[in-house]
Amino acid sequence: MRPTVIRRTAVAASTVCLALLATACGGSDSGSGSGDKSADAKGKDSAAKPAAKALTAAELEKAALAQGDVKGHRISKAAAKDVVSVDDIKVAKEVCAPLADALMGAQVGEPGAFTKRTVVSEPKKGSMDKQDTDAEGAFKAAFDITTTQLALGSYDGKGAEESVAALRTAATECAGGFDFTAAGEKQKVSKITEEKVKGGEDAAAWTVQLEQDGEKVQLKLVALRQGPSFASFSSMNLAAMGGGGDFELPTAVVEAQAAKLA
């Protein structure tokens, strides 16, 4: 998400929340010979691991999350104004580029097909009941909304595997922070911390701390691979934005997308 997109998303999430609240949302086999075994093993390996072929654009759209796929979440195609081109992201340290691209919801690497979704969690049931507590608690309960920019691409060959590997390398090499520019706006990552996540054939996750206008903002970033496809999930939480508060990974969204790609 671009910096201005982060701000617009917070406003949009507030609108969704208020609308929802207004409606009361509450062992091995033996064989005849080692030579035959070796030949069989090679044949099986060759058959089991054909060169990956990217999904077509139509197939990828069908495999991407849609409204109704994740309980308690609203899902839509990303608006054009929220899509950042990889060409509009400039990073001082090249090794950090894949992480900046994923963080802004842009494609990583060179997918044969690419699409984006915006996923917004609905306020948890019972949040209305918490409005009788202190103001801070009431705010956090009512605005505990996580918005995720899901970027999904499908690749020929080892492109999906290389995308996950590139993010892992970037997260390690750039853990102390780095600067980048998205759509002409300067942005600073001050810290990257690894998180635990499961999903698909390979997955990794991090908490990424940004500094905006003197304030610290926490984002969550998840990388997921399933077959020839790679998905990145860049998430922010409305209640956690002020003061750099923490929030949970969008695990339900990750699991649902992994299942749909399987």
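Start by selecting Gly177, which sits in the loop between helix 6 and strand 5 (178-182). As you look around, keep in mind that this is a predicted model.

**Stop 1: around Gly177**

Is Gly177 buried, exposed or partly exposed? With a relative accessibility of 22%, Gly177 counts as partly exposed, because the buried class is reserved for values under 20%. Now show its neighbours: leaving aside residues up to four places away in sequence, Gly177 touches Val189, Ser190 and Lys191. Then add Val208 to your selection. Val208 and Gly177 are 31 residues apart in sequence, and their C-alpha atoms are 9.1 Å apart in space.

**Stop 2: the aromatic pairs**

How many aromatic pairs does a search of the whole structure find? There are 2. For one of them, select Tyr155 and Phe230, an edge-to-face pair with 6.5 Å from centre to centre and 75° between the planes. This pair links distant parts of the chain, as the two residues are 75 residues apart. Tyr155 belongs to the loop between strand 4 (146-154) and helix 6 (159-173), while Phe230 is in strand 9 (residues 229-237). Switch on a surface and check both rings: Tyr155 is buried, at a relative accessible area of 3%, and Phe230 is buried too, at 2%.

Next, pick Phe178 and Phe180. Their ring centres are 5.8 Å apart with the planes at 35°, so this pair is tilted. Both Phe178 and Phe180 are buried.

**Stop 3: a charge over a ring**

Move on to Phe247 and bring up Lys220 with it. Lys220 lies over the face of Phe247, 5.6 Å from the ring centre.

**Stop 4: the largest pocket**

The largest pocket holds about 340 Å³ of space. Which of its 18 lining residues are the closest to its centre? Select Ser121, Lys124, Thr146, Glu248 and Leu249 to see them. To place the lining in the fold, colour strand 3 (113-121), strand 4 and helix 7 (251-261), each of which supplies at least two residues. Helix 7 gives the most, with 3 residues.

**Last stop: colour by confidence**

Finally, colour the protein chain by pLDDT. The average is 83, and 75% of the residues score at least 70. Zoom in on residues 8-39, where pLDDT is below 50; the model nevertheless has 36 contacts for this stretch beyond near neighbours in sequence. Then look at residues 41-46, where pLDDT also stays under 50. For residues 41-46 the model has 0 contacts beyond four places in sequence.

Methods:
Residues numbered from 1 in each chain as written. Predicted model: local features only at pLDDT ≥ 70, side-chain atom pairs only at ≥ 80, totals over all residues. Heavy atoms only, no water. pLDDT = per-residue confidence, 0-100. Contact = heavy atoms within 4.5 Å. Phe/Tyr/Trp six-rings, centres within 6.5 Å; stacked < 30°, edge-to-face > 60°. Helix = DSSP H or I, 4+ residues; strand = E, 2+ residues; numbered from the N terminus. Buried < 20%, exposed > 50% of the residue type's maximum accessible area, 1.4 Å probe, protein only. Lys NZ or Arg CZ within 6 Å of the ring centre and 35° of its normal. 1 Å grid on protein atoms, 1.4 Å probe; cavity = no way out; pocket = protein on both sides within 12 Å on 5 of 7 lines; lining within 4 Å. Points joined across faces, edges and corners; volume = space filled by probe spheres on them.
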